[in-house]
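Thanks for coming, everyone. Today I would like to walk slowly through how a few helices pack in one model, so please have the picture open while I talk.

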Amino acid sequence: MNCSAIVLAAGSGKRMGTAIKKQYLEIKGMPVLAYSLRRFDRQPFIREIILVTSPEEIDYCRTEIVEKFGIHKVKNIVAGGKERCNSVYEGLKACSETEYVFIHDGARPFLSDEVLDRLYKDVQLYKACIAAVPAKDTIKVADESRNIIDTPDRSRLWQAQTPQAFSLSLIRECYRRALEEEAAGLTDDASCVEYCKKGSVHLTEGSYDNLKITTPEDLPVAEILCDAYRYSNGGW
């Protein structure tokens, strides 16, 4: 048990277009966020979970998510920052001195034990790895007028997911430096390591079911996946 998990739930979820933030929407009677937390809670190698949310939602998360759904490994609930990178860094500062940390978006409820197990093995080998899947579609690069300017080789394109797992000392130092230098374009944790040129980041096989709840169209798909995972992944 030498790993921490940071679960991010501080986003505003503007693209969902609902009064309730996407991480608190219910799928089959349980909030999206609770699915992610429960999956980490059951892993034997996770010793603590740090939940990062907005300052005004800390008490709600404690009573209506953590306590209500019996999530035992949440050791701290901390306030996030104005951007994702600020929220991650607040979570990293709250981690105890474990060896490795998993960073996960709370809006990805269908995380499997198998993906977590692969990441756990890979992070011990590579010190930096992310869940990812090969791109299925042809990707086009466009200019500001939406004219195609390039078609990258699809065989080399991967779709990044979370969790992303790192040596705690490595990712904490990378975020500290990137924030001090006000680095732009840090859309995920791997990009922070890339910015600091602290070595390569390994791609670990993820899952196409590891859906991020982002727009209303994702909810019917989530309902179907929830039923499938209830039987194939040991329930929630």
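In helix α6, the buried residues, meaning those under 20% relative accessible area with a 1.4 Å probe and protein chains only, are Asp189, Ala190, Ser191, Cys192, Val193 and Cys196. That is 6 of the 8 residues of α6, so this helix is largely enclosed by the rest of the structure. Their cover includes α3, α5 and the strands β6, β7 and β10, where contact means heavy atoms within 4.5 Å. Helices here are DSSP runs of H or I with at least four residues, strands are runs of E with at least two, and both are numbered from the N terminus.

I should say that this is a predicted model, in which local features need pLDDT of at least 70 and side-chain atom pairs count only at 80 or more, while totals for chains, interfaces and linings use all residues. Residues are numbered from 1 along each chain as its sequence is written, and side-chain values use heavy atoms, leaving out hydrogens and water.

How do α5 and α6 pack? Their axes, lines fitted to C-alpha atoms over the stretch in contact, are 9 Å apart, at an angle of about 75 degrees on a scale from 0 to 180 between N-to-C directions. They are therefore roughly perpendicular, a word that covers 65 to 115 degrees. On the α5 side, the contact is made by Ile171, Cys174, Tyr175, Arg177 and Ala178, and on the α6 side by Asp189, Cys192, Val193, Tyr195 and Cys196.

Finally, α6 is followed by Lys197, whose phi is positive, near 55 degrees.

Key:
Angles under 35 degrees count as roughly parallel, over 145 as roughly antiparallel, 65 to 115 as roughly perpendicular and the rest as oblique. Buried means under 20% relative accessible area, exposed over 50%, partly exposed in between (1.4 Å probe, protein chains only).
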